[in-house]
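Let's walk through this one together, starting with the overall fold and then zooming in on a few side chains. Have the viewer open and follow along.

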Amino acid sequence: MKRLIHHSGAPSGAIHRATSGLTRWWSSPTTIPRAAPLMVAILAAAFIVEPALAELPTAVQAGSAASGDYIEIGKQYFKNGLIVLGLIIATLGFIAVAAGGIAKFNEYRIGRAELGDLGVLAVVGAVVLVLMVYLLNEAATIID
């Protein structure tokens, strides 16, 4: 096996030859003037673009609120916020059941839990998730 670094700390010939060509090219006084037009052309191509000529879409009114009725618009946004909060709660419940299932499977794999424990957690977790989604769906219909 060939040493890459000698006792003196200097690199061996192969590495020195590979890196010295790069440093000679970059530090050459003629490199920068030759590369400058290419760099300017690349930057110009990146920054000169056609205008998008697109318009922003019009804002959608919340629910069936009339234009200018800010109280009703606020109520609609509050209702939509409650529905989003319900979706967040359902997502956190799903993550909690999944994390519990993964932890219980890890315990089963190690030997600290039985397969029946894992099955009970899966069934109870599925029932809890279905019940939670049903109740949040009912709450969403009541809110609207």
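**From the fold to the side chains**

The protein chain holds 4 helices and 0 strands. Keep in mind that what you're looking at is a predicted model. Reading along the sequence, you get the pattern α-α-α-α.

How much of the chain is tucked away? Of the 144 residues in the protein chain, 12% are buried. On the outside, the protein chain exposes about 11,900 Å², with carbon and sulfur atoms supplying 71% of that area. As for how the chain meets itself, take the contacts between residues at least 6 apart in sequence: 33% of them join residues at least 24 apart.

Now bring in the record. An unreviewed UniProt entry carries the annotation "transmembrane region" for residues 82-103 and 115-136. What does the model show there? Residues 82-103 are 100% helix and 0% strand, and the end C-alpha atoms of that span lie 31 Å apart. Residues 115-136 also come out as 100% helix and 0% strand, with 32 Å between the end C-alpha atoms.

Helix α4 runs over residues 115-143, and you can do a quick sanity check on its geometry. With 29 residues at 1.5 Å a residue, helix α4 should span 42 Å, and the end C-alpha atoms are indeed 42 Å apart, so the two agree. Which residues of α4 are buried? They are L118, G125, L129, M132 and A140. Part of what covers them is α3, residues 70-110.

So much for the covered side; on to the surface. V84, I88, L92, F94 and I95 make a nonpolar surface patch of about 490 Å². Pick out L92, which sits in helix α3. Is L92 buried or exposed? Its relative accessibility is 54%, and because the cut-off for exposed is over 50%, L92 counts as exposed.

Finally, some electrostatics. The salt-bridge count comes to 1. The partners are K104 and E107, whose side chains meet at 3.5 Å, N to O. Why do these two line up? K104 and E107 are 3 residues apart in helix α3, so about one helical turn separates them. An α-helix has 3.6 residues a turn, which means residues three or four places apart point the same way. Neither end of the bridge is buried: K104 is partly exposed, with a relative accessible area of 22%, and E107 is partly exposed too, at 29%.

How values were computed. Residues numbered from 1 in each chain as written. Predicted model: local features only at pLDDT ≥ 70, side-chain atom pairs only at ≥ 80, totals over all residues. Heavy atoms only, no water. Helix = DSSP H or I, 4+ residues; strand = E, 2+ residues; numbered from the N terminus. Buried < 20%, exposed > 50% of the residue type's maximum accessible area, 1.4 Å probe, protein only. Contact = heavy atoms within 4.5 Å. Areas by Shrake-Rupley, 256 points an atom, 1.4 Å probe, with all protein chains shown as cover. UniProt positions renumbered as here; feature names shortened; annotations may be inferred. Expected span 1.5 Å × (residues − 1). Patch = residues over 30% accessible without salt bridge, like charges linked within 9 Å, V, L, I, M, F, W, Y side chains within 5 Å. Salt bridge = Lys/Arg side-chain N within 4 Å of Asp/Glu carboxyl O.
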